[in-house]
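Trainee: I would like a close look at one part of this structure. Please take a single disulfide, then work outward from it to the rest of the fold.

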Amino acid sequence: MTAVGALAVLLIAGCAPPGTDGDLVDDWPAMAQPQVWSPVEGDCHGPSGYVIRHDLGGYKPVSCTDAHQWETFRVAAFTGERAERKSPPPAGGVDRRATFDECSAEADKFVGGSWRDGRLGLRVLYPTAQAWSHGARWFRCELAQVDTIYPVDRKESLRDALTGAAPLARGCYRTDVEFDKVPVACDKAHQYEYVGTWLAPNGDWAEFAAREKMIHKRCLSLVAKFAGLRDDSTMPYRSGTSYALPDRSQWEEGDRGVVCHLWLDRKLTRSLKGAGAKGLPMN
């Protein structure tokens with residue numbers, strides 16, 4: 001038995017390739033670290049009726065020249081303390097606001113102007129809790145064209161959408177039979193015109209939404225600036241306002257934009273930008 005055992009050892013030793021030390025482990029290449037999946041910047045997603053999931057299994061991008069609603073214009077990674085969290089940033093937290101603001105600034109660069117001045121919607125998507133626990137730290141910034149509230153299908157990228165003729169720029173609106181705002185050319189009959197957006201401070205959504213007089217006054221200030229008027233005590237006698245707030249879920253995702261329109265109870269057929277006191281006389 002001893003001789004057989006010695007022969008086996010000699011045979012194994014003799015099988016080592018030339019130039020090696022015979023160690024069958026330390027000459028093997030190290031196994032590659034598993035890669036954490038991340039979405040792709042520039043992908044488009046979801047024609048109407050398509051439910052978008054945030055995980056790899058539900059990631060089914062389409063060409064931006066095919067029908068889609070959302071466009072991923074930026075993918076970035078959390079760093080520092082924000083990356084050390086044990087779970088994705090919670091809805092309503094300061095990290096969601098900070099991330100939304102970061103995406104907002106990048107959206108302006110992407111479309112060539114303030115995205116809030118266009119008929120556009122912005123959202124930020126995060127990894128699932130399970131993906132986060134396995135190392136995913138990305139967030140993706142996405143834009144969609146909207147009618148007044150909801151995304152609509154389109155077949156081209158939104159890059160530079162607010163440059164040149166900027167057909168998606170907010171402008172004049174009429175109301176339909178359901179009192180929804182319908183965009184129209186400003187030389188067509190309308191009652192509303194977009195005058196700007198201001199950002200609400202952090203705080204409770206319900207408390208803010210209840211401050212109707214304050215919101216109206218802030219929008220009147222934008223009307224005055226838009227029309228080239230002094231922002232004084234005469235403004236309530238010159239124009240009404242119509243405004244749109246983020247809903248509660250949008251607020252918790254970090255959106256604080258208050259969209260303001262001037263409103264008159266008479267039909268207009270031109271823009272009131274820079275129109276002064278003649279365009280908005282006291283009533």
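Mentor: Start with C219 and C260. They form a disulfide, with their sulfur atoms 2.0 Å apart. Bear in mind that this is a predicted model. The torsion about the S-S bond of C219 and C260 is about -60 degrees, so this disulfide is left-handed. C219 sits in helix α6 and C260 in strand β9, so the bond ties together parts that are 41 residues apart in sequence.

Is C219 buried or exposed? C219 has 0% relative accessibility, which is under the 20% cut-off, so C219 counts as buried. C260 also comes out at 0% relative accessibility, and so C260 counts as buried.

Now look at the packing that involves these two elements. The largest nonpolar core has 23 residues, and W198 and V258 touch the most other members. Three elements each supply at least two residues of this core: β7 (190–199), α6 (212–227) and β9 (257–268). Helix α6 gives the largest share, 8 residues. So the helix that holds C219 and the strand that holds C260 both feed this core.

V258 deserves its own look. Set aside its neighbours within four places in sequence. V258 is then in contact with C219, one half of our disulfide. V258 also contacts G196, T197, W198 and A200. F208 and I215 are on the list too. Y243, A244 and L245 complete the set for V258. Note that W198, the other residue named for touching the most core members, is among the contacts of V258.

This is not the whole of the nonpolar packing. A second, separate core has 22 residues, including A76, A107, L158 and L162.

Next, the other disulfides. A search of the whole structure finds 4. Number the bonded cysteines in sequence order, and the pairing in the protein chain reads 1-2, 3-4, 5-6, 7-8.

Take C44 and C64. A disulfide joins them, S to S 1.9 Å. The link of C44 and C64 is right-handed, with 95 degrees about the S-S bond. C44 lies in strand β1 (residues 44–45) and C64 in the loop between β1 and β2 (70–77), so this pair ties together parts that are 20 residues apart in sequence. Both C44 and C64 are buried.

Then take C172 and C186. Their disulfide has an S to S distance of 2.0 Å. The link of C172 and C186 is right-handed, at 95 degrees about the S-S bond. This pair links distant parts of the chain, 14 residues apart: C172 is in strand β5 (residues 172–175), and C186 is in the loop between β6 (181–184) and β7. The two ends are classed separately. C172 is buried, with a relative accessible area of 2%. C186 is partly exposed, at 24%.

Come back to β9 for the pocket. The largest pocket has a volume of about 1000 Å³. Its lining counts 33 residues, and V146, T148, I149, Q250 and D255 lie nearest its centre. β9 is one of the elements that supply at least two lining residues each; the others are β3 (120–125), β8 (240–244) and α7 (248–252). Strand β3 has the largest share of the lining, 5 residues. By type, the lining divides into 16 nonpolar, 8 polar and 9 charged residues. So β9 appears in the largest core and in the lining of the largest pocket.

One more stop, at N283. N283 is found in the segment after α8 (276–279). N283 is exposed, with a relative accessible area of 70%. Still, N283 touches Y237 and R238, not counting residues up to four places away in sequence. The C-alpha atoms of N283 and Y237 are separated by 5.4 Å, although these residues are 46 apart along the chain.

Last, set the part against the whole. The protein chain has 8 helices and 9 strands. Of its 283 residues, 38% are buried. C219 and C260 count as buried. Consider contacts between residues at least 6 apart in sequence: 63% of them join residues at least 24 apart. The disulfide of C219 and C260 ties parts 41 residues apart in sequence.

Note on methods. Residues numbered from 1 in each chain as written. Predicted model: local features only at pLDDT ≥ 70, side-chain atom pairs only at ≥ 80, totals over all residues. Heavy atoms only, no water. Core = buried A, V, L, I, M, F, W, Y, C linked by side-chain atoms within 4.5 Å. Buried < 20%, exposed > 50% of the residue type's maximum accessible area, 1.4 Å probe, protein only. Helix = DSSP H or I, 4+ residues; strand = E, 2+ residues; numbered from the N terminus. Contact = heavy atoms within 4.5 Å. 1 Å grid on protein atoms, 1.4 Å probe; cavity = no way out; pocket = protein on both sides within 12 Å on 5 of 7 lines; lining within 4 Å. Points joined across faces, edges and corners; volume = space filled by probe spheres on them. Nonpolar A, V, L, I, M, F, W, Y, C, P; charged D, E, K, R; others polar. Disulfide = S-S within 2.5 Å.
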